[in-house]
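Here are a few exercises to work through with the model open in your viewer. Try each task before you read its solution.

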Amino acid sequence: MHRSLLQRLRIALLDDHAAIRHGLAARLAQETDIDIVGMFSSSQELIDALQRAPADLLLIDYALGHNDIDGHNLIRLLRIRFPKSKIVITSAHDNQATVTLAMQAGASGFVGKGQDLDELITAIRAVARGDTYLPPDIAAELSYKALQNERPATRAHTEAGGAADDATILKGNSELTPREREVLRCYLSGMSVAQIAEKFSRSNKTISTQKQAGYRKLGIRSDAEFFQIRYQLDNL
């Protein structure tokens with residue numbers, strides 16, 4: 001459905017880099033049916049503003065500053081607090097894992113920061129009319145993965161050399177501690193151990209230990225196995 005000038009699309013921007021915020025705002029301002037209702041550098045600023053004045057669409061960076069909430073939990077929080085606001089994610093980490101986590105959390109669109117800004121406009125318009133939007137190459141790959149997942153479930157090897165079935169994996173998922181969950185979420189989003197350590201002000205050794213503890217509870221031994229089962233981790 002096309003919006004008239006009386007039904008302008010209200011968009012709030014969230015990105016911790018000022019240059020990116022202003023660049024996005026300048027491009028969106030060229031569209032005659034879009035209003036930028038706010039630009040924010042932290043999730044708390046965005047939430048406070050939305051409580052005063054809602055927005056139709058939230059354009060959000062998935063990886064914010066080290067002291068801010070992670071993208072997965074922020075999307076879930078915004079979907080609960082502001083269910084009428086649709087969410088489009090931008091990220092420099094436009095890998096399948098990040099896209100999957102963002103969409104599972106409740107985003108309706110995803111555009112990598114390396115994409116042309118015209119593609120971002122396309123995504124915004126698609127989401128505003130009630131569709132979902134993914135970059136064509138990512139969408140094609142995820143569709144392929146979805147077909148693969150319809151086949152008999154694969155097994156992940158345990159340290160004893162046996163196999164853990166899907167039920168074991170999902171049961172182990174429920175036993176993860178909050179810190180193990182956040183470390184694994186960040187790792188799936190493309191962050192390194194060092195980047196995660198910096199984000200949460202912990203040592204590299206602590207992050208590595210929490211990552212390996214999470215792996216043991218999931219019944220896996222390697223990064224390769226972790227990414228193989230990521231589509232089963234709906235509640236990570």
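**Exercise 1.** Find which residues I124 is in contact with, leaving aside its neighbours within four places in sequence.

*Solution.* Start with contacts, meaning heavy atoms within 4.5 Å. With those sequence neighbours left out, I124 touches L9, I11, L28, L57 and L59. Next, place the residue: I124 sits in helix α5, residues 117–128. (Helices here are DSSP runs of H or I with at least four residues, strands are runs of E with at least two, and both are numbered from the N terminus.) Then check the distance to one partner: 113 residues separate I124 and I11 along the chain, yet their C-alpha atoms are 9.4 Å apart. Finally, look at accessibility: I124 is buried, because its relative accessible area is 0%. The scale calls a residue buried under 20% relative accessible area, exposed over 50% and partly exposed in between, using a 1.4 Å probe and protein chains only.

Before you go on, keep in mind that this is a predicted model: local features need pLDDT of at least 70, side-chain atom pairs count only at pLDDT 80 or more, and totals for chains, interfaces and linings use all residues. Residues are numbered from 1 along each chain as its sequence is written, and side-chain values use heavy atoms, with hydrogens and water left out.

**Exercise 2.** Work out the strand order of the open sheet and how its strands pair.

*Solution.* Two strands pair if DSSP finds at least two bridges between them. On that basis, 5 strands form an open sheet in the order β2-β1-β3-β4-β5, with parallel pairing. The edges are β2 and β5, each pairing on one side only. From one strand to the next, the twist averages 20 degrees.

Now take the two ends in turn.

- β1 and β2 are parallel partners over 6 bridges. I11 stands opposite I36 in β2, and L13 has M39 as its bridge partner there.
- β4 (residues 86–91) and β5 pair in the parallel sense over 4 bridges. Here S91 has G112 of β5 as its bridge partner.

**Exercise 3.** Which handedness does the crossover from β4 to β5 have, and which way do the residues of β5 point?

*Solution.* Trace the chain from β4 through helix α4 (residues 96–105) to β5: this β-α-β crossover is right-handed. The test is to point the strands away from you and see whether the path from the first strand over the helix to the second runs clockwise. Helix α4 lies across β4 and β5, at about 155 degrees to β5. (Axes are lines fitted to C-alpha atoms, for helices over the stretch in contact, and angles run from 0 to 180 degrees between N-to-C directions.) Within β5 (residues 109–112), G109 and V111 point one way while F110 and G112 point the other, and all are buried. Over at the other end, β1, helix α1 (residues 18–28) and β2 also make a right-handed β-α-β unit.

**Exercise 4.** Explain why the buried residues of α2 line one face of the helix.

*Solution.* List them first: in helix α2 (residues 43–52), the buried residues are S43, L46, I47, A49 and L50. Seen down the axis of α2, they fall within an arc of 165 degrees, so they line one face. That arc is taken from the directions from the helix axis to the C-beta atoms. The face turned away carries the exposed residues Q51 and R52. What covers the buried side includes β1 (9–14), β2 (34–40), β3 (57–61) and α3 (71–81).

**Exercise 5.** How many residues does the largest nonpolar core have, and which have the most contacts inside it?

*Solution.* A nonpolar core is a set of buried Ala, Val, Leu, Ile, Met, Phe, Trp, Tyr and Cys residues joined through side-chain atoms within 4.5 Å. The largest has 41 residues, and L46, L58, I60, L78 and I89 have the most contacts inside it. Try L78: beyond its neighbours within four places, L78 contacts L46, I47, L50, L58, I60, P83 and I87. A second, separate core has 18 residues, including L24, L59, L120 and A123.

**Exercise 6.** Is S201 buried or exposed?

*Solution.* S201 lies in the loop between α9 (193–200) and α10 (204–218). Its relative accessible area is 64%, so S201 is exposed. Check the backbone too: phi of S201 is near 55 degrees, a positive value in a residue other than glycine. Most residues other than glycine have a negative phi.
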